[in-house]
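Reader: I'd like to learn how to read the features of a model like this one. Could you walk me through it, a feature at a time?

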Amino acid sequence: MAVESDLRYLDRVVDSEVAAALSSAPAVLIEGPRGCGKTWTGRRFARSEVVLDGSEAMRLAAEVDPASILEGPEPRLLDEWQLVRSIWNPMRHACDRRGGFGHFVLTGSQNPPDDITEHSGAGRVARVRMRPMSLWESGDSTGEVSLASLMAGARCRAAETGLTIADVADLICRGGWPRMIGMAPAVAQARLRDYLDDIARVDISRVAGVRRDPGLAGRLLASLARNEATAASHATLRADLTEQDAGPPARSTLRAYLDELARLFVIEPLPAWSVHLRSPTRLRRTPKRYFADPALAVAALSASAASLRSDLEAMGLLFESMAMRDLRVYAQSIDGRAYYYGDDTNLEADAVLEGLDGQWAAVEIKLGGASAITGAMQSLRAVRARVDTARRGEPARLIVITAFGPGYQTDDGIAVVPLTALKP
């Protein structure tokens, strides 16, 4: 079946990555949370498709005769392939037989628990991580400042954003889900509460292959939302989940649920940065946890734009979560990875972006305010002073991301960038 173009398609940052992968690998696997736009992107590149998410008959045919659904004009889209995991080996064998590149585009909202793709796809399948839309992709960023240009030393300039606290709260609550870009934040939140209910009732059991407790899954999602953008320990989460009659869940149970939420791409841990320091200071090792989109954290708490406006401390953490979502999207486009810096003196940088060529940049994220921005600059200078730059190299850039105000840079080159002016 030929795939029709979707006139509503909004360009995604990963489009160029998918195109490059199809020209250099037999198959491309687009992975990410359900509803982030993987199918639409896959269709943009495919000439035929098999949709396994919507037809029990199609899934049965794939299980009984997988070769039959691999035939069709190429690239052929295998949408939500993980619903028929037995298709993986026939797909990679077909890649071997046909030779060349660009045979299949696969999409997946679950990372199979047996990790069957880790070894058998080597050399055949290029992975592309997709996330909910950044503000640049949704049309809510002017793109006056490019992350790539900042890393290259370009000057930072952007006009005053003109945003209000209400505007930022609305962006956080609406989120970056393609189908919800035009929705009012309250309507998007209603749909996202349904989304999390499906995760707790159905998806977490499906990805595990074991029946999970929807009530515990829902309480865990709420606890993670209360601890968004932190490195909350398992002990903290277990205490938060303690019930009067039942007590806390077992440590092994909590670990399993967290692993399954990560396999569903609902949460995305941010690893700690490992780097040589000038002093004997010890670095933190525990990852921070973020939802794939800050709107999910709002939904998990049954909160609203109005409640965020009345609690600026919580809103600041959720703004950090939105900025981390966008930074991950933009950093991936320049072959970079995101980490955070934290040490035992409580010195932190919200993000460290590290490139393949050894470049690195430290980032602090602040909702706004002159004193907060000044404090962020001081923290970044302290991080730079603590890193052993003789071994690691000087940072390509120190960056403060804000919600309000203009984009500019200090005399010593620190860039202050509104999130709504940033692009890859």
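Reader: Let's start with salt bridges. Which residue forms a salt bridge with glutamate 268?

Author: When you read a salt bridge, look at the partners, then at where each one sits. This is a predicted model, and in it arginine 328 pairs with glutamate 268, with the closest N and O atoms 3.6 Å apart. Arginine 328 belongs to helix H15 and glutamate 268 to strand E7 (residues 267–270), so the pair ties together parts that are 60 residues apart in sequence.

Reader: Are arginine 328 and glutamate 268 buried or exposed?

Author: Buried counts as under 20% relative accessible area. Arginine 328 comes out at 9%, so it is buried, and glutamate 268 is buried too, at 11%. The pair also belongs to something wider: salt bridges with shared partners link Arg129, Arg131, Glu268 and Arg328 into one network.

Reader: How many salt bridges does the structure hold?

Author: The structure has 29 salt bridges. Let's take two that sit inside a helix. In one of them, the side chains of aspartate 197 and arginine 201 meet at 2.8 Å, N to O.

Reader: How far apart are aspartate 197 and arginine 201 in helix H9?

Author: For a pair within one helix, count the residues between the partners. Aspartate 197 and arginine 201 are four residues apart in helix H9 (residues 185–208), so about one helical turn separates them. Aspartate 197 is partly exposed at 37% relative accessibility, and arginine 201 is partly exposed at 40%.

Reader: And what about arginine 263 and aspartate 259?

Author: Their side chains form a salt bridge at 3.0 Å, N to O. The spacing is four residues in helix H12 (residues 251–263), so here again about one helical turn lies between the partners. The surroundings need a separate check for each partner: arginine 263 is buried, with a relative accessible area of 14%, while aspartate 259 is partly exposed at 37%.

Reader: Now helix packing. At what angle do H9 and H12 pack?

Author: Read the angle together with the distance between the axes. For H9 and H12 the angle is about 95 degrees and the axes are 9 Å apart. The two helices are therefore roughly perpendicular to each other.

Reader: Which residues of H9 and H12 meet?

Author: From H9, Ile199, Ile204, Val207 and Ala208 take part, and they meet Tyr257, Glu260, Leu261 and Arg263 of H12. By character, the contact holds six nonpolar residues, no polar ones and two charged ones. Arg263 is worth a second look: besides being in this contact, arginine 263 forms the salt bridge with aspartate 259.

Reader: How do I read the buried side of a helix? Which residues of H8 are buried?

Author: List the buried residues, then ask what they pack against. In helix H8 (residues 165–174) the buried residues are Val168, Ala169, Leu171, Ile172, Cys173 and Arg174. They pack against helix H6 (135–138), H9, helix H13 (294–300), helix H14 (305–309) and H15. Right after H8 comes glycine 175, with a positive phi of about 75 degrees.

Reader: Which residues other than glycine have a positive phi?

Author: Two cases to look up are glutamate 80, with phi near 55 degrees, and aspartate 335, with phi of about 60 degrees. Glutamate 80 sits in the loop between E3 and helix H4 (88–98), and glutamate 80 is buried at 7% relative accessible area. Aspartate 335 is in the loop between helix H15 (312–333) and strand E9 (336–342).

Reader: Backbone again: where is there a cis peptide bond?

Author: Check omega. Glutamate 74 and proline 75 are joined by a cis peptide bond, with omega about 0 degrees. Proline 75 lies in the loop that runs between helix H3 (56–64) and strand E3 (76–79).

Reader: Finally, the whole chain. How many helices and strands are there?

Author: The chain has 17 helices and 15 strands. Its radius of gyration is 22 Å, close to the 22 Å that the globule rule gives for 424 residues, so the chain is as compact as a globular protein of that length. The C-alpha trace spans about 65 × 55 × 45 Å along its principal axes, and buried residues make up 54% of the 424 residues. For contacts between residues at least 6 apart in sequence, 74% join residues at least 24 apart.

Note on methods: Residues are numbered from 1 along each chain as its sequence is written. This is a predicted model: local features need pLDDT of at least 70, side-chain atom pairs count only at pLDDT 80 or more; totals for chains, interfaces and linings use all residues. Side-chain values use heavy atoms; hydrogens and water are left out. Buried means under 20% relative accessible area, exposed over 50%, partly exposed in between (1.4 Å probe, protein chains only). A salt bridge is a side-chain nitrogen of Lys or Arg within 4 Å of a carboxyl oxygen of Asp or Glu. Axes are lines fitted to C-alpha atoms, for helices over the stretch in contact, and angles run from 0 to 180 degrees between N-to-C directions. Angles under 35 degrees count as roughly parallel, over 145 as roughly antiparallel, 65 to 115 as roughly perpendicular and the rest as oblique. Contact means heavy atoms within 4.5 Å. Ala, Val, Leu, Ile, Met, Phe, Trp, Tyr, Cys and Pro count as nonpolar, Asp, Glu, Lys and Arg as charged, and the others, Gly among them, as polar. The radius of gyration is taken over C-alpha atoms; the globule rule is 2.2 Å times the number of residues to the power 0.38.
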